[in-house]
Amino acid sequence: MGRVAAPCSGPGRIVSFLTAVPCLSCKQQRRRRHQSAAAERGTRRRMSEQGKSAASTPSSGTPVPGSDTYKGWLFKWTNYIKGYQRRWFVLSNGLLSYYRTQAEMAHTCRGTINLATAHIDTEDACNIVLSSGGRTYHLKASTEVERQRWVTALELAKAKAIRMMNDQSDDSADEEPTSQSDHSEIQGTLKTLASKLDDLSTCNDLIAKHGAALQRSLSELEALRVPLEGGEKIKAVNERATLFRITSNAMINACRDFLDLAESHSRRWQRVLQHEREQRTHLEETIEQLAKQHNSLERAWREAPAHAVNTTDKPTTDKGVSERPRKEEASDEDEDTEYFDAMEESPAFITVTATDPSQHRRSQSNLSGASGGHPSEWNQDDNCSVSSNDFSGKEVQPHKKRRSNIPEKPNYSLNLWSIMKNCIGKELSKIPMPVNFNEPLSMLQRLTEDLEYHELLDKAARCENSLEQMCLVAAFSVSSYSTTVHRTAKPFNPLLGETYELDRREEFGYHSLCEQVSHHPPAAAHHVMSQRGWTLWQEITIASKFRGKYLSIMPLGAIHLEFHASGNHYVWRKVTSTVHNIIVGKLWIDQSGDIDIVNHRTKETCQLKFSPYSYFSREVPRKVTGVVMDSDGQGHYILSGTWDDKMESAKIVQSSTRNSSSEGKQKTVYQTLPPKLLWKKYPLPENAENMYCFSSLALTLNEEEEGVCVTDSRLRPDQRLMEAGRWDEANAEKQRLEEKQRATRRRREASMAIDDGLEFECYKPMWFHQRMDETTGDLTFVYKGGYWEAKERQNWNECPNIF
């Protein structure tokens, strides 16, 4: 500032007091001169940089940003014998090549890596790691400064290579056809931007015109003789006016650059948009096609049950087989096209539904006589062959009105930090888990939910045929999992000594009692007595394993069921439950494994297979298959269905064995009658999704009742508060109860070890005691009696105070 510019040749000969501020009349001429001078300076600078790059020493010169070539010595890792070896590296055009010596550059290249797709990493002060695809270079520089020079050169070369690749893709995109609407839309946007830029240019011209007039007036005022103070003020105003003109010029230049940039990138955005639209269209077509295929398969399955074909694999035992339904085939000719899991190594059998009654009678000699009677007896209206879940109105009519809803689940967000901050400095066993992960039921109540389809056992008690009775028992064992498909929340862990009773003698003729008999490991004992001819008891210990993305829950312990009239004693064990997406995603539950049901009186068996869910399987999700066999291993009934919906049974009328073409496996072909429905899941109550997806029975389990034991789960305060929606209070109460349980255990250990001088004795349950099971040979907790008598007297004096 302060330099006087050359007089303008335009009219008025206005003189500017600031440097590089042309007047309005010669603005375009000055701009062209400045652009020409800037281009000349850029050309001289590039020529100078290229000369310096060529004259610099390759091994020690600093990489120049934008230079095309960089060379030098680096140490490259070869193998564990030779270690690092000195190699000559050349970086050019986005490619890093190396040679043993500089002389090899003329004829032999030892290796090249493309930096456009490479990952550059620095391990320590002198090391560089380059990886692209399956190729990795471990390099080492002589000094840290040399390493930094190479890293800078590699990063610049990588950025340049990526830009070149993008430019090439943009050029290739010019040839791609685009829709007329997209093209017109983009052109319209560009025209709008151009018109706005013209408006800005007009405004800039007006600003320049008025600014020049203002500057001329200020110059005339400055030429007048005015006091010194007024002259200084005039100079200040003149400078501000000049800065205003400079700012307006900068604004219009920025707008012009933006328009150029938008036009240059329009093709890229257009290509990306077109790709996304194509992907969306493809996904919509795929979903529509899958939906049509699903509907057609369901319709074909319902309309042609006589042609349905089921295939399954035998378990690894000699007598066991389980069913694998397949809808597409009626023979084993195309079995090589099936995709089985790796575990499926045992022989399979096929079941074919028979349609000719005369063929049934002719083939009955092929079956064992253990089932009794003729195959036609299956169609008679007896107590065991009619559809399940059907009882007279007198039997299902309740004598007491039960509740049908609970308070809706609050919409509380789970703040993981609020949980973690309470865990700092605490032992893992003492970390309280919030009730946000729970449902307002205890594990004892969840165990009692197994009785939701107790009518299956009532009907089985009236069966005279043990094989048909086995079918109903198998359906009952599957029905206990039907409530878990939507129940991803965790039940409350029972306190030691906690109990739960369910007295339904007036409505359904049974009463149930559960007690938490051990805390480490957690174990619960359960006993059910029915006035309709059966008794069920079990002890369940829960073992779990966290495997990263999912949690496996393995119930340990046997379930016993005895029918009073026949003396049939059935024993089975539960399958593994898997909770998926523990860390990320929506939780979902799957059941997998085998259930072997054994009638220890007749030695008849039923083997059920719960197929795990697989993304690559064409089978029905949550599928359960099985075969009911007599003591000789002869199959009599085929069971099929899903553990979340229904189970069916089909009587076998003929069996044969044939050789399989694959791996020489044996395959058994069973011909069966049309299937009969054994069990069908009840629909969930209305608004169940807002009530923890509870079933009709689950809604009544925590209902308050008079006269229950003081240790009953209904009286647990934290669980009651959670059901009422007061989760903050429930969390505080849950922590209090857990700390009280730990204090009780410490006092019990101290009293046994110090006062009596005896070794610590395990906790003794109130209503169960351990006995050796004669059937399985396991040490298990069984009901010792006294609970229902104590309830009649309302004498709970011996019960511990756990709440």
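A residue is called buried when its relative accessible area is under 20%, exposed when it is over 50%, and partly exposed in between. The structure described here is a predicted model. By the above cut-offs, Q794 is partly exposed, because its relative accessible area is 42%. Q794 is placed in the segment after helix α14, which spans residues 787–793. Its phi angle is near 55°, a positive value in a residue other than glycine.

A positive phi is also found at N687, where the angle is about 65° although the residue is not a glycine. N687 belongs to the loop between β27 (676–680) and α11 (696–701). With a relative accessible area of 24%, N687 is likewise partly exposed. A further backbone feature is the cis peptide bond that joins H520 and P521, with omega at about -5°. P521 sits in the loop between β14 (510–519) and β15 (522–530).

Two other loop residues were examined for their surroundings. V575 lies in the loop between β19 (569–573) and β20 (576–580). Its relative accessible area is 3%, so V575 counts as buried. The C-alpha atom of V575 is separated by 6.1 Å from that of S592, and the two residues are 17 residues apart along the chain. P621 occupies the loop between β22 (605–610) and β23 (623–629). With a relative accessible area of 43%, P621 is partly exposed. Between P621 and S611, which are 10 residues apart in sequence, the C-alpha to C-alpha distance is 8.0 Å.

The search for salt bridges covered the whole structure and found 30 of them. One of these is formed by the side chains of E146 and R149, with 3.6 Å from N to O. Both residues belong to helix α2 (residues 144–173); because they are three residues apart there, about one helical turn separates them. E146 has a relative accessibility of 7% and therefore counts as buried. R149, at 24% relative accessibility, counts as partly exposed.

A second salt bridge connects E449 with R487, and the closest N and O atoms of this pair are 2.7 Å apart. This pair links distant parts of the chain, the two residues being 38 residues apart. E449 is in the loop between α8 (443–448) and α9 (455–461), whereas R487 is in the loop between α10 and β12 (490–492). E449 counts as buried because its relative accessibility is 3%. R487 also counts as buried, at 2% relative accessibility.

In another salt bridge, the side chains of E739 and R746 meet at 3.4 Å, N to O. E739 is partly exposed, with a relative accessible area of 37%, and R746 is partly exposed as well, with a value of 44%. Elsewhere, salt bridges that share partners join several residues into one network, made up of R402, R504, E507, E705, D712 and R714.

The interior was searched for enclosed space, and four cavities of 30 Å³ or more are present. The largest cavity holds about 90 Å³ of space. Its lining consists of D450, L451, F476, S477, S480, Y481, L536, Q538, I559, W572 and K574. Helix α10 (466–479) and strand β16 are the elements that give two or more residues to this lining. By residue type, the lining of the largest cavity divides into six nonpolar, three polar and two charged residues.

Strand β16 covers residues 534–546 and includes F546. On the surface, F546 takes part in a nonpolar patch of about 480 Å², together with I582, I583, V584 and L587.

Technical notes
Residues are numbered from 1 along each chain as its sequence is written. This is a predicted model: local features need pLDDT of at least 70, side-chain atom pairs count only at pLDDT 80 or more; totals for chains, interfaces and linings use all residues. Side-chain values use heavy atoms; hydrogens and water are left out. Patches are made of residues with over 30% relative accessible area and no salt bridge: like charges are joined within 9 Å, nonpolar side chains (Val, Leu, Ile, Met, Phe, Trp, Tyr) within 5 Å. Accessible areas come from the Shrake-Rupley method with a 1.4 Å probe; for residues, only the protein chains shown count as cover. A salt bridge is a side-chain nitrogen of Lys or Arg within 4 Å of a carboxyl oxygen of Asp or Glu. Helices (H or I, at least four residues) and strands (E, at least two) are DSSP runs, numbered from the N terminus. On a 1 Å grid over the protein atoms alone, a cavity is a set of points where a 1.4 Å probe fits but cannot get out, and a pocket is an open set with protein on both sides within 12 Å along at least five of seven lines; lining residues have an atom within 4 Å of a point. Grid points are joined across faces, edges and corners, and a volume is the space filled by probe spheres set on the points. Ala, Val, Leu, Ile, Met, Phe, Trp, Tyr, Cys and Pro count as nonpolar, Asp, Glu, Lys and Arg as charged, and the others, Gly among them, as polar. Buried means under 20% relative accessible area, exposed over 50%, partly exposed in between (1.4 Å probe, protein chains only).
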